[in-house]
Each structure stands twice: as structure tokens, then as C-alpha cells.
Amino acid sequence: MEHSEAKLASIAAPKQGVETGKTGFHERAAARKLLDISEEWLASESKTNPVRLLRCLCEMTAESEGSEEPWCTNKALAQCAVRGGASASTWGVGSDGGIDDRESARKAVTNAWREVEDLWSRKSQGVEERFRDAGWPSCPRPEKQKSQGGRNKPTKYFIKLDPISESEGPSDSLPDTVSPYGVRYYTEDLQLGRGARAALVRGWPITGWRAVLTGFLIFLVVSLGAVGAWVSLVSIAQASTTGHVVAVAMVAALAAGLAWWVVGPLEKLSRNRIALAPFWMQRATSGWDDRVLELRPDFAHGVNRLYLAHYSADCPICSAPVHVAAGGREFYGRLVGRCAASPAEHVFSFDHVTRTGLPLRRHIQL
């Protein structure tokens with residue numbers, strides 16, 4: 001892409017923190033890395049326009065020249081989005097690639113930018129983890145600066161560097177290096193939504209009335225199971241025929257299986273402090289049941305917090321995504337990482353504390 005096409009300019013952008021000047025890490029290099037990280041978002045996100053817009057900002061920032069911080073206009077972003085596959089008419093771009101309708105371009109970028117902000121609120125944690133692992137003291141963030149009056153002063157979109165915050169929770173235990181054959185798991189986004197799900201994403205503290213409610217729910221489930229078992233035994237004892245006994249036993253076994261399918265993860269969570277989330281918490285369209293319930297100790301407040309989390313890694317063998325999955329009969333009672341391209345052969349351990357994994361197939365290490 002030619003610099004003239006990008007229509008980048010230079011401004012005295014807001015101060016980016018002391019770390020940027022000390023290390024020499026630049027917005028352009030950060031944009032290149034963020035461009036690589038966001039490549040798979042085009043396939044995983046249901047809304048592609050905000051991903052395109054963010055990638056356009058990264059692309060034009062990375063390709064800009066000069067010694068000052070680059071920025072770009074909504075017209076440049078609209079043209080880039082159309083080159084990336086967005087609808088030309090919606091973004092005000094003509095058949096020649098130029099802007100036909102400035103107002104449509106402005107509105108399209110403004111609307112998509114709101115979705116970029118939502119996208120970033122979900123993706124920023126995983127992005128920061130990746131930059132921290134790569135040794136960066138700063139993490140990029142998409143930012144805009146509204147024009148201060150006049151049509152000749154357009155809104156400016158740019159990449160801002162923020163100092164990386166101190167890690168909290170399990171990430172404090174992350175090792176500095178990972179085995180050449182191992183994987184590093186990173187936090188993936190989960191939309192907050194509303195109600196209980198939002199509370200689990202933020203971390204549900206098991207204390208006070210919440211601890212009482214949790215205990216009551218566990219007691220209720222156990223009680224219902226005990227009552228169901230007693231009713232089944234009584235029905236079998238009073239059965240007059242063998243067929244009746246078999247029917248009652250089959251119904252009882254089916255009910256027990258369904259109950260375990262629903263509440264079984266809670267029992268595993270109490271033993272291992274992590275378990276696959278129940279089916280109603282999984283994303284049906286993802287193709288993978290890879291969301292987990294994680295019980296993390298909050299030592300600062302002396303409580304446990306229950307989280308709904310999602311982790312993934314890059315396969316060191318084929319570079320495909322690695323999803324957290326059940327170990328099955330071969331790795332019974334464990335959660336493992338399975339490669340999307342070869343889930344039976346590219347299998348890795350999953351340590352939710354260090355967020356690392358080692359290959360579980362001997363031939364991978366040979």
C-alpha cells in the first residue's frame with residue numbers, strides 16, 4: 001500500500017507513558033504484532049467489520065513512515081475496509097476506490113468504531129498477555145481523537161501505547177520460558193452479557209450470601225439425587241414383574257445420567273479447581289466445548305472466586321489453534337489441549353495455573 005493511499009499524517013499524539021520513550025518500542029512495531037494477533041479474528045468473530053477496521057488501522061500504522069506518531073482519517077479507513085472485503089456502497093466508496101459519499105464513509109467508520117471498542121474490551125486481556133510474554137513493557141490500544149470544530153479538522157484514529165499493568169491471579173506464576181514443544185495458553189474473550197454469566201466472567205466471590213447460596217444449591221442437588229435414588233429403590237421393591245423392575249431401573253439410570261451431565265462439572269470443579277463448563281454455558285456455534293469453570297483463590301481478600309474462562313494456544317507443530325477439551329478415557333480426569341487440525345495426535349497438557357502445556361504424545365518430542 002502506497003503512503004499516499006493510506007493518507008496518514010503526523011500529530012503530537014497524547015503522551016504514551018514513560019515506558020515508550022525508555023525502551024524505544026514504537027507504535028509501528030506494536031501495530032505489526034497486533035496485526036498478526038488479530039488475523040484469526042476474521043474467522044472467529046460473527047461481526048467482521050470491526051475486525052476489518054482495526055486491522056486497517058494496524059496495517060496503515062505499520063506501513064507509515066516518519067518519526068512521529070501516525071494517524072489516519074475515516075476516509076482512509078473506509079477505503080481500506082472496502083479493499084478488505086466490506087461493502088463499497090455502505091462505506092461510501094466508489095467503483096474506482098475513491099470516496100463517493102463522505103457522509104456515508106464517516107457514518108460507517110463511526111458505527112464500526114463503536115463495535116471496535118466493544119471488540120477491544122473483550123480482546124484486550126489476551127492481547128496484553130501476548131505482549132507481556134514477548135517482553136513488551138507497553139501494549140497497543142486503538143484510540144481516536146475527535147476534531148475540535150471545523151470540517152477541515154477530521155477525527156484522528158491512531159494506535160496508542162499503554163504501559164502493561166502488573167499481572168494478577170494465576171498469571172503471576174507464568175514461567176519465563178516455554179518448552180520448544182510446549183504451548184502457552186492465553187485468555188480469550190467472553191462476552192459479558194447479563195446476569196449470572198456476567199458475574200462469572202468478572203469473578204463470582206464465594207463469600208457471604210454467595211457462599212450460602214452456593215452451598216444451598218449443592219445441598220439441593222444432592223438431596224434431589226438422594227430422593228430420586230430412594231424412590232427408584234422403593235419402586236423396584238414394589239414391582240410385581242421383572243419387566244416393571246427393568247423399566248424402573250432404566251428410568252433411574254437415565255435420570256442419574258442426565259443429572260450427572262448437568263451437575264457433574266461442579267463435582268470435578270471441587271476436586272481439581274477447574275472443569276469444563278456445563279453444556280448450557282458453552283457456545284453452540286463454536287464447534288468446541290472449551291469454556292471452563294475455574295475456582296481461583298483470592299489471597300488478598302481470603303476468598304475463592306469462580307470464573308467462567310476461555311483459553312487457547314497456538315500449536316507448535318502446525319500453528320493451528322489449540323482448544324481446551326476433556327481428556328477422555330486416555331487422559332481420564334484431566335483437561336488437555338487438542339489441536340483443531342489434529343485433535344487426536346497434537347495433544348498437550350493444560351496447567352491452568354502456569355497456563356502452559358507439554359506434549360502428551362511421545363513422537364512429538366522425537
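Let me start with helix α6, where the buried residues are N74, A76, L77, A78, Q79, C80, A81 and V82, buried meaning under 20% relative accessible area, exposed over 50%, and partly exposed in between, with a 1.4 Å probe and protein chains only. That makes eight of the 10 residues of α6 buried, so the helix is mostly covered. Helices here are DSSP runs of H or I with at least four residues, and strands are runs of E with at least two, numbered from the N terminus. After α6 comes G85, whose phi is positive, near 120°.

Before going on, I should say that this is a predicted model, in which local features need pLDDT of at least 70 and side-chain atom pairs count only at pLDDT 80 or more, while totals for chains, interfaces and linings use all residues. Residues are numbered from 1 along each chain as its sequence is written, and side-chain values use heavy atoms, with hydrogens and water left out.

Now to the interior. The largest nonpolar core, that is, a set of buried Ala, Val, Leu, Ile, Met, Phe, Trp, Tyr and Cys residues joined through side-chain atoms within 4.5 Å, has 40 residues, and those with the most contacts inside it are W41, L53, L77, W91, V127 and F131. At least two residues of this core come from each of α3, α5 (49-63), α6 (74-83), α7 (102-133) and β4 (156-163), and the largest share, 10 residues, is supplied by α7.

Turning to the surface, W209, L213, F216, F219, L220 and L224 make a nonpolar patch of about 650 Å²; patch residues have over 30% relative accessible area and no salt bridge, with like charges joined within 9 Å and nonpolar side chains within 5 Å. A salt bridge, in turn, is a side-chain nitrogen of Lys or Arg within 4 Å of a carboxyl oxygen of Asp or Glu. One member, L220, is found in helix α9 (residues 208-238) and is partly exposed, with a relative accessible area of 36%.

Finally, which way does phi point at S319, positive or negative? S319, a residue other than glycine, has a positive phi near 70°, and it sits in the loop between β10 (303-314) and β11 (321-326), where it counts as exposed at 58% relative accessibility. R355, also not a glycine, has a positive phi of about 55°; it lies in the loop between β13 (347-349) and β14 (356-357), and R355 is buried, with a relative accessible area of 3%.

Technical notes. Areas by Shrake-Rupley, 256 points an atom, 1.4 Å probe, with all protein chains shown as cover.
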